[in-house]
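Dear colleague,

Please find below the structure that I am handing over to you. My findings follow directly after it.

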Amino acid sequence: MVTVEELRKKTMTPEKYKNAKNDYFAFYIGRPISYVLTIPFLSLGISPNMVSLLSLIPSILGLICLGYSNDYEWQIIGGLCFLLWNFMDGIDGNIARYTEKTSKLGVVWDATSGYFAMTLTFCAMGLAAYNGTGNTIFKDAGFFTAIFCLLARLIMHKKMLIFSESSSELNAKETFSGIKIIALNITSISGFMQVFMMLAITFACTEYFVTIYFFIHFTILIVSMYKMLKL
């Protein structure tokens with residue numbers, strides 16, 4: 001049976017290390033856990049794309065448990081479902097690199113899972129804040145935050161397509177400044193944002209999480225539009 005150390009050595013290339021190490025929670029917490037979870041999937045011969053598909057399930061369950069229940073225990077379970085997605089997020093890539101079955105379609109599947117989880121996270125937190133306060137503004141803020149995130153990425157990918165730029169050219173994390181690294185760790189769907197989300201759920205203050213991330217992602221959208229659309 002493959003070991004965690006074998007997985008790490010074969011899947012963490014020097015290039016990937018440089019691009020991944022600045023996302024601290026994902027790199028130092030999420031990735032080691034993903035290595036452990038990868039072993040049974042490898043043993044069962046499950047393909048990377050199937051793992052990406054399966055990872056949609058925790059996100060859906062997270063939305064249902066967190067967004068449509070006022071019960072504290074179910075909301076905690078909902079948050080843990082999103083955390084499970086986080087740990088599963090690295091499994092498909094681990095399998096693909098270990099078995100040398102990387103593909104362009106696999107990259108699309110991986111991105112789809114991430115965008116899906118990101119969208120449902122903010123929608124779920126908006127609904128949770130609405131259920132806790134009765135104020136519809138938080139529900140709307142959650143939905144709009146998801147839209148801001150998707151719009152920023154749509155603009156980025158359109159620019160990549162038109163100008164034939166790669167994602168590494170526009171999103172080379174190893175070259176990030178200190179401010180960008182802080183922003184990355186705060187906003188990354190697989191980063192410290194999940195820690196803040198769990199704290200907000202645990203201490204029943206989801207409305208603060210929604211409000212803060214609404215303004216953060218609105219600002220990011222405006223800055224992104226300026227940088228990518230300026231003449």
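I begin with helix H11, whose buried residues pack against helix H3 (24-43), helix H12 (192-202) and helix H13 (206-229). Please bear in mind throughout that this is a predicted model. H11 itself covers residues 178-187, and its buried positions are Ile181, Leu184, Asn185 and Thr187.

Of these, Asn185 deserves a separate remark. Asn185 lies in helix H11 and has a relative accessible area of 6%, so it counts as buried. Beyond residues up to four places away in sequence, Asn185 touches Asn22, Asp23, Tyr24 and Phe25, and also Gly191, Phe192 and Met193.

As to the overall fold, the chain contains 13 helices and zero strands. Its radius of gyration is 18 Å, close to the 17 Å that the globule rule gives for 231 residues; the chain is therefore as compact as a globular protein of that length. Along the principal axes, the C-alpha atoms fill a box of roughly 50 × 50 × 30 Å. Of the 231 residues, 44% count as buried. If one takes the contacts between residues at least 6 apart in sequence, 77% of them join residues at least 24 apart.

The surface and the charges can be summarised briefly. The accessible surface of the chain comes to about 12400 Å², and carbon and sulfur atoms account for 69% of that area. There are 18 positive and 15 negative side chains, with the centres of the two sets 8 Å apart.

Turning to the interior, the largest nonpolar core has 27 residues, of which Leu66, Phe122, Met125 and Phe209 touch the most other members. Helix H5 (56-67), helix H6 (72-88), H8, helix H9 (136-163), H12 and H13 each supply at least two residues of this core. The most is given by H8, with ten residues. Phe209 is in contact with Phe122 and Met125, as well as with Met193, Phe196, Met197 and Ala200, when neighbours within four places in sequence are left aside. A second, separate core consists of 13 residues, among them Val2, Phe41, Met88 and Ile95.

Which residues other than glycine have a positive phi? One of them is Glu100, with a phi of about 60 degrees. Glu100 is placed in the loop between helix H7 (91-98) and H8. Its relative accessibility is 64%, so Glu100 counts as exposed. Ala204 is another residue other than glycine with a positive phi, in this case near 55 degrees. Ala204 is located in the loop between H12 and H13. Exposed is also the term for Ala204, because its relative accessibility is 58%.

Finally, I would draw your attention to Val107, which belongs to helix H8 (residues 104-133). Is Val107 buried or exposed? The residue is exposed, because its relative accessible area is 57%, and the cut-off for that class is over 50%. Val107 and Gly93 are separated by 14 residues in sequence and by 8.5 Å in space, taken from C-alpha to C-alpha.

With kind regards

How values were computed
Residues numbered from 1 in each chain as written. Predicted model: local features only at pLDDT ≥ 70, side-chain atom pairs only at ≥ 80, totals over all residues. Heavy atoms only, no water. Buried < 20%, exposed > 50% of the residue type's maximum accessible area, 1.4 Å probe, protein only. Helix = DSSP H or I, 4+ residues; strand = E, 2+ residues; numbered from the N terminus. Contact = heavy atoms within 4.5 Å. Rg over C-alpha atoms; globule rule 2.2 N^0.38 Å. Areas by Shrake-Rupley, 256 points an atom, 1.4 Å probe, with all protein chains shown as cover. Lys, Arg positive; Asp, Glu negative; His and termini not counted. Charge placed at Lys NZ, Arg CZ, Asp CG, Glu CD. Core = buried A, V, L, I, M, F, W, Y, C linked by side-chain atoms within 4.5 Å.
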